[in-house]
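Q: Please take a close look at one single part of this chain, a loop residue with an unusual backbone. I should then like to see how that part fits into the picture of the whole structure.

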Amino acid sequence: MNYLAHLWLAQHNTGSRVGNLLGDFCRGVDLTAQPPTVLAGLYNHRAVDWFTDRADEVRQARQLFSAPMRRFAPVALDLLFDHLLISHWAEWNQSAFSAYKTQLYCQLQQDLPQMPTGMAVVMQKVLQQDWFGSYATLQGVQHAIRALALRGQRTGIYAAIADELPQLQPQIQPLFLRFLPQLQHFVVQAAIEQNPAQAKARYISATGKDQSSEA
């Protein structure tokens, strides 16, 4: 899952938002120095990724990409899932996405001082360039995928996988709509952030994984 989905599944406090993003920014971060609420959010992020990677619907979605692109399909799906979450926002949320995004951006702006440097730099770009707003359109998602190539050496691959999305979206959408309620249920049942002091134990119980070497 991408940034928007992880934040949507987080609790409504700074520690949770930072922790649920931290899974993508752990490199070089001293996790032992993080407060319990942040670590609980991190365990929730990892549990969400664990469940997503094993979901039948997600595996089916990956197989829809052409054979040369399947290795990179998770990157495209992460972004496409944010788009589909926005496209079907009213099915899971009472407020409009525009209102949610405005509030979230204000919260993230206030959260910046609590973020590791690398995360803060990326989140400032999210806010300044309205990344989440751009995900509302498929073209915005394609642009985001192509932009990844600017930071790597796989320009042709990311351009090609972005080009496949318009044809694949109608097939991926029903898979996503079946998958997301299952993910929500998993997060609620796991209750990893309910008590930060028990987050690690709840994570292990939910996933069967012990990542004590990581946090």
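A: D130 is partly exposed, because its relative accessible area is 28%, and that value falls between the limits of 20% for buried and 50% for exposed. The model is a predicted one, and the description that follows should be read with that in mind. D130 sits in the loop between helix α7, residues 117-129, and helix α8, residues 131-134. Its phi angle is near 55°, which is positive although D130 is not a glycine. Most residues other than glycine have a negative phi.

A second residue may be set beside D130. A191 also has a positive phi without being a glycine, with a value near 50°. A191, too, belongs to a loop, the one between α10 and α11, where α11 covers residues 199-207. The surroundings of A191 can be judged from its relative accessible area of 14%; A191 is therefore buried, since buried means under 20%. D130, by contrast, is partly exposed.

The two loops belong to a chain built from helices. The chain contains 11 helices and zero strands, so that its radius of gyration deserves a word at this point: the value is 17 Å, close to the 17 Å that the globule rule gives for 215 residues, and the chain is therefore as compact as a globular protein of that length. Along the principal axes, the C-alpha trace spans about 45 × 40 × 35 Å. Of the 215 residues, 51% count as buried. The accessible surface comes to about 10,500 Å², and carbon and sulfur atoms account for 49% of this surface. The chain carries 17 positive and 16 negative charges, and the mean positions of these two groups are 4 Å apart.

Within the chain, the largest nonpolar core has 76 residues, and those with the most contacts inside it are F65, M123, F132 and L183. Helix α10, residues 155-190, gives the most to this core, with 14 residues. F65 shows what such a position involves. When residues up to four places away in sequence are not counted, F65 touches R70, A73, A76, L77, I161, E164, L165, L168 and I172. Contacts between distant parts of the sequence also appear in the chain as a whole: among contacts between residues at least 6 apart, 67% join residues at least 24 apart.

Helix α10 can be followed further through Q169, which lies in that helix. Q169 is buried, because its relative accessible area is 14%, below the limit of 20%. Apart from residues up to four places away in sequence, Q169 touches H83, L84 and L138. The pair formed by Q169 and L84 gives a distance as well: they are 85 residues apart in sequence, yet 9.0 Å separates their C-alpha atoms.

Q142 offers a further buried position, this time in helix α9, residues 138-149. Its relative accessible area is 9%, so Q142 counts as buried. With neighbours within four places in sequence left aside, Q142 is in contact with A162, D163, L165 and P166. L165 is also among the residues that F65 touches.

H88 returns the account to a loop, the one between α5, residues 73-87, and α6, residues 97-111. H88 is buried, with a relative accessible area of 13%. Its contacts, not counting residues up to four places away in sequence, are Q173 and L177. The C-alpha atoms of H88 and G19 are separated by 26 Å, and these residues are 69 places apart along the chain.

R27 presents the opposite case in a loop, lying between α2, residues 14-22, and α3, residues 36-54. R27 is exposed, because its relative accessible area is 83%, which is over the limit of 50%. R27 and G118 are 91 residues apart in sequence and 9.2 Å apart in space, from C-alpha to C-alpha.

Finally, C106 has its place in helix α6. At 45% relative accessibility, C106 counts as partly exposed. The C-alpha atoms of C106 and L127 are 8.9 Å apart, and the two residues are separated by 21 places along the chain.

To return to the part with which the account began, D130 is a partly exposed residue in the loop between α7 and α8, and its phi near 55° is positive.

Notes. Residues are numbered from 1 along each chain as its sequence is written. This is a predicted model: local features need pLDDT of at least 70, side-chain atom pairs count only at pLDDT 80 or more; totals for chains, interfaces and linings use all residues. Side-chain values use heavy atoms; hydrogens and water are left out. Helices (H or I, at least four residues) and strands (E, at least two) are DSSP runs, numbered from the N terminus. The radius of gyration is taken over C-alpha atoms; the globule rule is 2.2 Å times the number of residues to the power 0.38. Buried means under 20% relative accessible area, exposed over 50%, partly exposed in between (1.4 Å probe, protein chains only). Contact means heavy atoms within 4.5 Å. Accessible areas come from the Shrake-Rupley method with a 1.4 Å probe; for residues, only the protein chains shown count as cover. Lys and Arg count as positive and Asp and Glu as negative; His and the chain ends are not counted. The place of a charge is taken as NZ of Lys, CZ of Arg, CG of Asp or CD of Glu. A nonpolar core is a set of buried Ala, Val, Leu, Ile, Met, Phe, Trp, Tyr and Cys residues joined through side-chain atoms within 4.5 Å.
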